[in-house]
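Trainee: I am new to this structure. Please take a close look at one part of it and tell me what is there.

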Amino acid sequence: MIETRLGAPTTHVISLHPTPNDLARAYLDLITEWNWPGFTILYEDAPWLPVIDVIMRNYTNKFTVAVRQLDVTENAKYRPRLLQIKHSGDKNIVICCSIEKLPEILKQAQQVGLLSNKHHILVTNLDMHTIDLEPFQYGGTNITGLRLINPNDEYVKEIEDFFEKKFLEKSNPA
């Protein structure tokens, strides 16, 4: 899928990414491969619903799947919803949220005891690699996310350099 947005007068954004359907199928493949005996999907808001819909429509195991929305109106107080998940006994959680909220959600999940060696977290945000996961490294939780490109790959670096030079030339004419 190609998405374009106009930014400030000198910036434009072109975003290449898979469709929600393709992403959901990739997440579902992981869940199936891991043989999760049920799981909870924790989501932030409506833009995540297409991914959740595909997962739910195509999940064929006979295990329970709970879908819970984060309460985004309470000033980043996610603990009540996270405690519900803890009390449900679910050990497998799919988190669908913005990259801005993810560190705080993980921090509060750790505080309520959801990040232990008994838990498995699948993060659907493709930018998960951009946040610091070090605070969560000793809990034993398997926190998994997908990344579509390797930013250290030479070809990726060449493309990035090309676009930086191209746009810098346009925004700073000599």
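Mentor: What follows describes the end of one helix and the aromatic residues beside it in sequence, then turns to a surface patch elsewhere. The model is a predicted one.

Start with Asn-58, which lies in helix H2, a helix of residues 49-58. Its relative accessible area is 25%. Asn-58 therefore counts as partly exposed, because buried would require under 20% and exposed over 50%. Leaving aside residues up to four places away in sequence, Asn-58 touches Arg-25 and Leu-28. Asn-58 and Arg-25 are 33 residues apart along the chain, and 8.2 Å separates their C-alpha atoms.

Next comes Tyr-59, in the loop between H2 and strand E4 (65-69). The count of aromatic pairs comes to four. In one of them, Phe-39 and Tyr-59 meet edge-to-face, with 5.1 Å from centre to centre and 90° between the planes. This pair links distant parts of the chain, as Phe-39 belongs to strand E3 (residues 39-43) and the two residues are 20 apart. Phe-39 and Tyr-59 are both buried. Together with Trp-34 and Trp-36, they form one aromatic cluster.

For another setting of aromatic residues, look at helix H5, residues 154-171, where Phe-163 is found. Phe-163 has a relative accessible area of 41%. That value makes Phe-163 partly exposed, because it falls between the limits for buried and exposed. Phe-163 helps make a nonpolar surface patch of about 500 Å², along with Tyr-155, Ile-159, Phe-162 and Phe-167.

Key: Residues numbered from 1 in each chain as written. Predicted model: local features only at pLDDT ≥ 70, side-chain atom pairs only at ≥ 80, totals over all residues. Heavy atoms only, no water. Helix = DSSP H or I, 4+ residues; strand = E, 2+ residues; numbered from the N terminus. Buried < 20%, exposed > 50% of the residue type's maximum accessible area, 1.4 Å probe, protein only. Contact = heavy atoms within 4.5 Å. Phe/Tyr/Trp six-rings, centres within 6.5 Å; stacked < 30°, edge-to-face > 60°. Patch = residues over 30% accessible without salt bridge, like charges linked within 9 Å, V, L, I, M, F, W, Y side chains within 5 Å. Areas by Shrake-Rupley, 256 points an atom, 1.4 Å probe, with all protein chains shown as cover. Salt bridge = Lys/Arg side-chain N within 4 Å of Asp/Glu carboxyl O.
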